[in-house]
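The following exercises concern one protein model and are to be worked with the sequence and coordinates at hand. Each task is followed by a solution in steps.

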Amino acid sequence: MAVGADTVEQLVARAEILLEALPYIRRYAGKTMVIKYGGHAMIDSALREGFAQDIVLLKYVGINPVVVHGGGPQINRVLEMLGIEPQFVRGMRVTDPQTMDVVEMVLGKITNEIVTLIQRHGGKAVGLSGKDGGLIQARKLTVTTEESGRRTKVDIGLVGEVRGINPAVIEALDRADFIPVIAPIGVGESGESYNINADLVAGELAAALQAEKLILLTDVEGVRGPGGELVSTIDVEQAQGLIEKKVIDGGMIPKVECCIDALRRGTKKTHIVDGRVRHSVLLEIFTNTGVGTEVVLRGDRGAAIARRRPAR
């Protein structure tokens with residue numbers, strides 16, 4: 001059967017896409033990438049399928065993906081069904097013992113759903129809580145608020161910060177070709193559970209595993225510059241300058257700070273990626289332009305904000 005000219009051109013275009021990915025596949029084979037999965041990408045069915053396919057493909061080309069997921073909106077829905085009004089202090093959920101039970105239940109359900117989705121697309125996944133194998137050791141987080149010039153410590157319950165990571169759990173799963181899917185719950189010294197911000201957990205894991213990349217999926221295109229333009233690449237010094245000038249503000253601040261901390265502790269590259277774009281993980285890793293903002297340790301000091309160079 002003869003193949004039409006248009007069909008041949010389409011096939012050649014597909015081959016060129018694969019060839020664009022080849023140097024990145026070669027560069028990252030055997031490397032670990034920590035991906036924080038959250039936002040709209042967890043809710044939209046097409047995006048969910050696309051994310052699972054991305055993760056399975058990474059594993060099949062020799063990359064070791066580690067998935068950390070959130071679940072704030074889902075937790076809120078269950079709390080409201082139970083007649084419990086969600087409360088937040090400085091963006092962190094007030095977590096009493098009853099709320100902690102709901103957090104563990106909902107995050108466990110989400111973990112199982114992600115594992116099932118990955119396995120449906122041909123991957124082997126294992127769901128973990130940070131409590132499993134002492135993976136995420138935590139301590140109580142102290143929150144300080146400021147009002148009318150007065151600083152006050154606020155007890156927000158079973159909210160934690162990472163005290164330590166046991167990378168052996170993840171490394172063992174990687175060696176056995178499993179994809180870890182992790183709920184951001186830590187364990188205290190007395191065995192108590194702590195609710196921890198998923199971005200922070202992903203950053204701590206990336207640092208502990210000396211990951212090649214940390215990728216944070218979010219519901220915005222990436223970091224915006226002073227003129228509102230999307231910044232493709234920014235280094236730590238430039239990012240801190242934009243935070244001081246309040247160009248980077250609101251919910252983007254903790255994400256950028258998470259990237260900065262991971263970079264300073266050994267993660268090679270970090271990315272803030274628009275999870276509303278289907279296959280955004282593959283587009284960020286395997287194309288010359290990417291689809292989000294790359295945060296790097298050091299960049300071109302001759303440019304206030306660097307646009308991404310072809311070699312990533």
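**Exercise 1. Determine how many residues of β16 are buried, and identify the strands that pair with β16.**

Step 1. The model is a predicted one. Taking a relative accessible area under 20% as the criterion for burial, one finds that five of the five residues of β16 are buried, and the strand is mostly covered.

Step 2. On one side, β14 pairs with β16 in the parallel sense, over three bridges. Within this pairing, Asp235 has Val296 of β16 as its bridge partner.

Step 3. Strand β15 (residues 269–274) pairs with β16 (residues 292–296) in the antiparallel sense, and four bridges connect them. Here Thr270 is bridged to Val295, while Ile272 stands opposite Thr293.

**Exercise 2. Place these strands in the sheet as a whole, and state which strands stand at the edges.**

Step 1. The sheet is open and consists of eight strands, in the order β5-β10-β2-β1-β13-β15-β16-β14, with mixed pairing.

Step 2. The edge positions are held by β5 (125–129) and β14 (233–235); each has a single partner strand, so one side of each lacks a neighbour in the sheet.

Step 3. From one strand to the next, the twist averages 20°.

Step 4. A helix is then added to the picture: α8 (residues 252–264) lies across β1 (32–37), β13 (213–218), β15 and β16, and runs at about 155° to β15.

**Exercise 3. Describe the packing of α2 against α4 by its angle and axis distance, and list the residues that meet.**

Step 1. Two quantities describe a pair of packed helices, namely the angle between the axes and the distance between them.

Step 2. For α2 (residues 45–60) and α4 (residues 97–120), the angle is about 65° and the axes are 9 Å apart. The crossing of α2 past α4 is right-handed.

Step 3. From α2, the residues in contact are Arg48, Glu49, Ala52, Ile55 and Val56; they meet Glu113, Leu117, Ile118 and Arg120 of α4. Sorted by class, this contact comprises five nonpolar residues, four charged residues and no polar residues.

**Exercise 4. Compare the span of α4 with the expected value, and state which of its residues are buried.**

Step 1. Helix α4 contains 24 residues, and the distance from its first C-alpha to its last is 35 Å, close to the 34 Å expected at 1.5 Å a residue.

Step 2. The buried residues of α4 include Met100, Val103, Leu107, Ile110, Ile114, Leu117 and Ile118. Two threonines, Thr99 and Thr111, are also among the buried residues of α4.

Step 3. Just after α4, Gly122 adopts a positive phi of about 100°.

**Exercise 5. For α3, find the buried residues and what covers them.**

Step 1. In α3 (residues 72–81), the buried residues are Gln74, Ile75, Asn76, Val78 and Leu79.

Step 2. Their cover includes β3 (88–89), β4 (92–93) and α4.

Step 3. Gly83, just after α3, has a positive phi of about 80°.

**Exercise 6. Locate His279 and classify it as buried, partly exposed or exposed.**

Step 1. His279 belongs to the loop between β15 and α9 (280–286).

Step 2. Its relative accessible area is 27%. Buried requires under 20% and exposed over 50%, so His279 is classed as partly exposed.

Step 3. Leaving aside residues up to four places away in sequence, His279 touches Gly50, Gln53 and Asp54.

Step 4. Glu244 is 35 residues from His279 along the chain, and their C-alpha atoms are separated by 33 Å.

Technical notes:
Residues numbered from 1 in each chain as written. Predicted model: local features only at pLDDT ≥ 70, side-chain atom pairs only at ≥ 80, totals over all residues. Heavy atoms only, no water. Pairing = 2+ DSSP bridges. Axes fitted to C-alpha atoms, helices over the stretch in contact; angles between N-to-C directions. Contact = heavy atoms within 4.5 Å. Left-handed = near helix turned anticlockwise from the far one by under 90°. Nonpolar A, V, L, I, M, F, W, Y, C, P; charged D, E, K, R; others polar. Buried < 20%, exposed > 50% of the residue type's maximum accessible area, 1.4 Å probe, protein only. Expected span 1.5 Å × (residues − 1).
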